[in-house]
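Please open the model in your viewer and keep the selection panel at hand, as this tour moves from one selection to the next and says what is found at each stop.

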Amino acid sequence: MSAGSERPTGAGLAADLVVRRESFDVCARLEVPPGGRLALLGPNGAGKSTILGALAGAVPLAEGRIAVTGGGEQARERVLDAPGRRSVPTHRRGITLLEQRPLLFPHLDLVANVAFGPRARGMGRRQARALALDWLERVGLADRAAQRPHRLSGGQQQRVALARAFAAGPSVILLDEPFAALDAESTPRVRGLLTRELARTGTTALLVTHQLSDAWDLADRCVVLESGTIRERTAPEQIATTPRSRFGARLAGFGVIEGMCAPGADGAARPVLRVGDALLPGVPDPDAPPRRGESALGIAAPEDVDLLPLDDHRGRAGVVGQVIGVQASAGRVRIEAENGLIAQVSPEAAARATGGGLPVVGSRLRLAPSSLRLVQDRRQDEAAR
Amino acid sequence: MRPPAWLRTFALVGLAVLVLPLAGMLTRVHWSTLGEDLVAPSTVTALWLSLLTAFCSTIACLVLGFPLALLIARASSRTAAVLRAAVMVPLVLPPMVGGLALLSLLGRSGVIGKPVFEATGFSLPYTTAGVVVAQTFVAMPFLVITLEGVLRTSGQGHERVAASLGASRWRVLTRVTLPLVTPGLVAGTVLAFARAMGEFGATALFAGNSEGVTRTMPLAIYTAYNGVGVSQDSALALSLLLLVSAVVIVAGLRSWREEAVR
């Protein structure tokens, strides 16, 4: 296998996998075209690590298949894993991991660390060393080549780990929260290097993160995973403006409330979101409109949510919620309610709603979204790309 | 925080219990005849036999114990608990009982020993090989338990990354796992060797006490006090030798570990 890193490896990833876990099954269809970069976003415990484990060959599939497509001259699909067939072992998959921790080999110096992949794939000692030195040069650590990893800072170690991952010449690189363990100073440098090398080598990448900024910088597509199921497939910029899942909305700072999609009070075309006995006006999302009578999510920007006194029942236009968070900054008050809605109002408006003073955690308020974007509450991984 | 004063008194008494007998032994050694005692033929024979058998059993412990430790460290927590208990039993068991158990299995009338004896005329007890088996039985748990702990804590993360970089299982084992656990491997090996050198109970029961064949140093020391074989002076000299080598081992292990940690 060639460990050459100058030329795009041109392999894509096609995975349609079901993995059984104790609490729930993880089901996901992931497709990354050659040179593509997909971000996998989701809360802790959503199944992100399980998916990475399955791709790397550490977790067996219950159903589905994992394949690498394209891949240079022979534009064929190579099946890595599928039930009833012998799964390709981790070391022959060409799928390399870059994790949160650098995990450099403590008993090897930096060159030997970076040369580990090329050597494992059968490259000669001298050639592998030269390649490793090239990579150390690229990450700005060539002058420390003969040192052991423990003498480096966390950021430097992660740069070496990055060099080591790329030097192995992977067809797909799995990035498991690669900046999560770095301090604020070293993050930009590692992030910059990773962006640059992904672009230069054209390596196909799958990025696991729970930071929207990581997805913005590194990915061209993203999927949101919740409880083992993909709830949203979109472009990273779109999550910021029009998220369509609970986690996506949370990442982008939107409030989300669960309810039932119901016809409007006057029987008009515009549906409303029924939450308890409250009816909240909404606009169906054109790309994921909820069906009437089915559960739906109402997503609202904090600025579009008003606070009303508890006894204000006008048009049943608000929903009562308990305050779980209050933040004041730049002349605005941001109130987070237990029902998922977030309101951002002026201190005066907040005082009017409470009858004097700012709301406190534990108090109850009426939150009135002027407009909710109504989104289908996806329980199934649907093929909407 | 400093521990309370009365606790420190107990600690000092505890230390005295461990150290004073050894110091006491030093007062009984006849330093003038020490050289002669150490080169007495029966002493040299016992020493040589001890070194030979302990070396062989340590090798056996390594060859069998490392895979076992790796198996336990990588097993699911339930399986690991069962396996660890199985390894711990010989560790906790009085070695005499171990010797009896070995006899019941491998003795001339034992479950395996009997058919082997009838077929080949070979019987393991009361041979030098029997000493090695008894020592391995007693010493291996030390190596396995030490190594298993190190293997469990030393990252499987490194192994995962190495495999993803293209290293086969064998390469991961030799280039990553083994170097990572070297300190634990050395510590476990030294412990096993020391235990094998000092093994008495299982050896006495399973292999007997015949000079030049199964009479290792501990047996020689014991025999000396029963008035047979080497003299009491020789016994003290041998004990001193064992004590000195124990001190050297502990000191060496300590400095080596500090160097390894850096």
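**Strands of chain A**

In this predicted model, begin by selecting E16(A) together with strand E17 (residues 332-337) of chain A, which pair in the antiparallel sense over 6 bridges. Within this pairing, pick A:Val323 and look across to E17(A), where A:Ala337 stands opposite. Then follow the chain through the turn, since E16(A) and E17(A) form a hairpin with 2 residues between them, and stop at A:Ala330, a residue of the turn whose phi is positive at about 50 degrees.

Keep E16(A) (residues 319-329) selected and add strand E19 (residues 364-369) of chain A, with which E16(A) pairs, again in the antiparallel sense, over 4 bridges. To place this pairing on individual residues, select A:Gly321, whose bridge partner in E19(A) is A:Leu365.

**The interface of chain A and chain B**

Next, colour the two chains separately and select the contact residues, which number 21 in chain A and 18 in chain B. The area buried between the two chains is about 1,800 Å², and carbon and sulfur atoms give 64% of that area. Which three residues supply more than any other three of the area that chain A buries against chain B? Select A:His91, A:His107 and A:Phe116, which together supply 29% of it.

For the charged contacts, the rule finds 1 salt bridge across this interface, so labelled by a nitrogen-to-oxygen cut-off of 4 Å. Show the side chains of A:Glu99 and B:Arg160, which form a salt bridge in which the closest N and O atoms are 2.7 Å apart. Polar contacts can be displayed as well, and here the rule finds 6 residue pairs across the interface, with both residues at pLDDT 80 or more.

Turning to the elements on the side of chain A that touches chain B, select strand E6 (95-98), helix H2 (110-120) and helix H4 (154-167) of chain A, the elements that give two or more residues to that side. The largest share, 4 residues, comes from H2(A). Coloured by residue class, this side of chain A divides into 10 nonpolar, 6 polar and 5 charged residues.

**An aromatic pair**

As a last stop, turn to the aromatic pairs, of which the structure holds 4 over all chains. One of them is formed by A:Phe105 and A:Phe116, a tilted pair at 4.6 Å centre to centre with 45 degrees between the planes. The two residues are 11 residues apart, A:Phe105 lying in the loop between E6 and H2 of chain A and A:Phe116 in helix H2 of chain A.

Definitions and conventions. Residues are numbered from 1 along each chain as its sequence is written. Chains are lettered from A and ligands numbered from 1 in the order in which they are written. This is a predicted model: local features need pLDDT of at least 70, side-chain atom pairs count only at pLDDT 80 or more; totals for chains, interfaces and linings use all residues. Side-chain values use heavy atoms; hydrogens and water are left out. Contact means heavy atoms within 4.5 Å. Buried area is the accessible area (1.4 Å probe) that two parts lose on being put together, summed over both. A polar contact is a pair of N or O atoms within 3.5 Å; within protein, one must be able to donate a hydrogen and the other to accept it, and residues adjacent in sequence count only if both atoms are side-chain atoms. Ala, Val, Leu, Ile, Met, Phe, Trp, Tyr, Cys and Pro count as nonpolar, Asp, Glu, Lys and Arg as charged, and the others, Gly among them, as polar. Two strands pair if DSSP finds at least two bridges between them. Rings of Phe, Tyr and Trp (its six-membered ring) pair if their centres lie within 6.5 Å; planes under 30 degrees apart count as stacked, over 60 as edge-to-face and the rest as tilted.
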